[in-house]
Amino acid sequence: MASISPTTSFPFKIILGSSSPARREILADMGYEFIVMSADIDEKAIRKDKPDELVKALAEAKAEAIKLKLHGDCGPGSDQTTLLITSDQVMVSKGVIRERPRSAEEAREFIKGYSDDRAFAVNFVLVSNLSTGATKGGWDIPEIKFKNIPDEFIDRVVNQGEMTCVAGGLKLTHPSVLPFIIKELG
């Protein structure tokens, strides 16, 4: 497997269309250089009943909003191929779509709902080649099974805030959360 060194020069430019620290971390950990642009859309104005349709619609809306901001600066005729990556995620627990919680109380309710139960992380990632107009997207929907999550842990996490400002109200990759996950399938 080829490794990416810090001096590697890529034949393309990447725009990450997300304000998510977790998404920035993923690309940075992979060694990619990229710029970040936020779509600044009203996500609550986009509604779908099915979680897979919702995350796809949100990722597409983010891509369109960023393309408008760029005013064709990266389109055909540009010196370098530009890839735009947008995505969205929701959690589904007990058949209910859970986006980013609007309050500490809602975050607490979401996390309590996962305790001794399971949830699905519904993700959609869209890659748009701004130079050619081609797009490709796909879903990842792992099932997460949780152990009992004690009230003390929930209170601590909710009071800290940093781990609850994500879809579903709980940053699943945080080391302090991992002991409460039995397994991730998918």
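A salt bridge is a side-chain nitrogen of Lys or Arg within 4 Å of a carboxyl oxygen of Asp or Glu. The model is predicted, so local features need pLDDT of at least 70 and side-chain atom pairs count only at pLDDT 80 or more, while totals for chains, interfaces and linings use all residues. Residues are numbered from 1 along each chain as its sequence is written, and side-chain values use heavy atoms, leaving out hydrogens and water.

Q: Which residue forms a salt bridge with E105, and how far apart are the closest N and O atoms?
A: Look in helix α3, where E105 and its partner sit three residues apart, which means about one helical turn separates them. The partner is R108. Between E105 and R108, the closest N and O atoms are separated by 3.3 Å.

Q: Is R108 buried or exposed?
A: Three classes are in use here: buried (under 20% relative accessible area), exposed (over 50%) and partly exposed in between, with a 1.4 Å probe and protein chains only. R108 has a relative accessible area of 16%. With that value, R108 is buried.

Q: Which side chain does D155 meet in a salt bridge?
A: Helices (H or I, at least four residues) and strands (E, at least two) are DSSP runs, numbered from the N terminus. D155 belongs to helix α4, residues 151-160, and is partly exposed at 32% relative accessible area. Its side chain comes to 3.1 Å, N to O, from that of its partner. The pair links distant parts of the chain, 47 residues apart, and the partner in helix α3 is R108.

Q: Which residues do salt bridges that share partners join into one network?
A: Here salt bridges have partners in common, and that joins their residues into one network. The members are E43, K62 and D88.

Q: How many salt bridges does the count come to?
A: The pairs already met, E105 with R108 and D155 with R108, are two examples. Applying the distance rule throughout, the count comes to 13.

Q: How many residues apart in sequence are the parts that K44 and E99 tie together?
A: The side chains of K44 and E99 meet in a salt bridge at 3.6 Å, N to O. K44 lies in the loop between β2 (35-36) and α2 (51-70), whereas E99 lies in the loop between β4 (96-98) and α3 (104-114). The pair therefore ties together parts whose separation in sequence is 55 residues.

Q: Which of this pair, K44 or E99, is buried?
A: K44 has a relative accessible area of 41%, so K44 is partly exposed. The value for its partner is 13%. The buried one is therefore E99.

Q: What is phi of D40 near?
A: D40 lies in the loop between β2 and α2. At 62% relative accessibility, D40 counts as exposed. Its phi is positive, in a residue other than glycine, and is near 50°.

Q: Where does K94 lie?
A: K94 is a residue other than glycine with a positive phi, near 55°. K94 is also exposed, its relative accessible area being 57%. Its place in the chain is the loop between β3 and β4.

Q: Which residue stands opposite F120 in β7?
A: Strands pair if DSSP finds at least two bridges between them. β5 and β7 (residues 143-146) are joined by three bridges and run antiparallel. Standing opposite F120 in β7 is E143.

Q: What is the bridge partner of I144 in β8?
A: β7 and β8 are also a pair, in the antiparallel sense, over four bridges. Within β8, the partner of I144 is E184.

Q: Are the rings of Y114 and F146 stacked or edge-to-face?
A: Rings of Phe, Tyr and Trp (its six-membered ring) pair if their centres lie within 6.5 Å; planes under 30 degrees apart count as stacked, over 60 as edge-to-face and the rest as tilted. A search of the whole structure finds three aromatic pairs. For Y114 and F146, the ring centres are 5.2 Å apart and the planes stand at 15°, so this pair is stacked.

Q: How many residues apart are Y114 and F146?
A: Both Y114 and F146 are buried. Y114 sits in helix α3 and F146 in strand β7, so their pairing links distant parts of the chain. Their separation is 32 residues.
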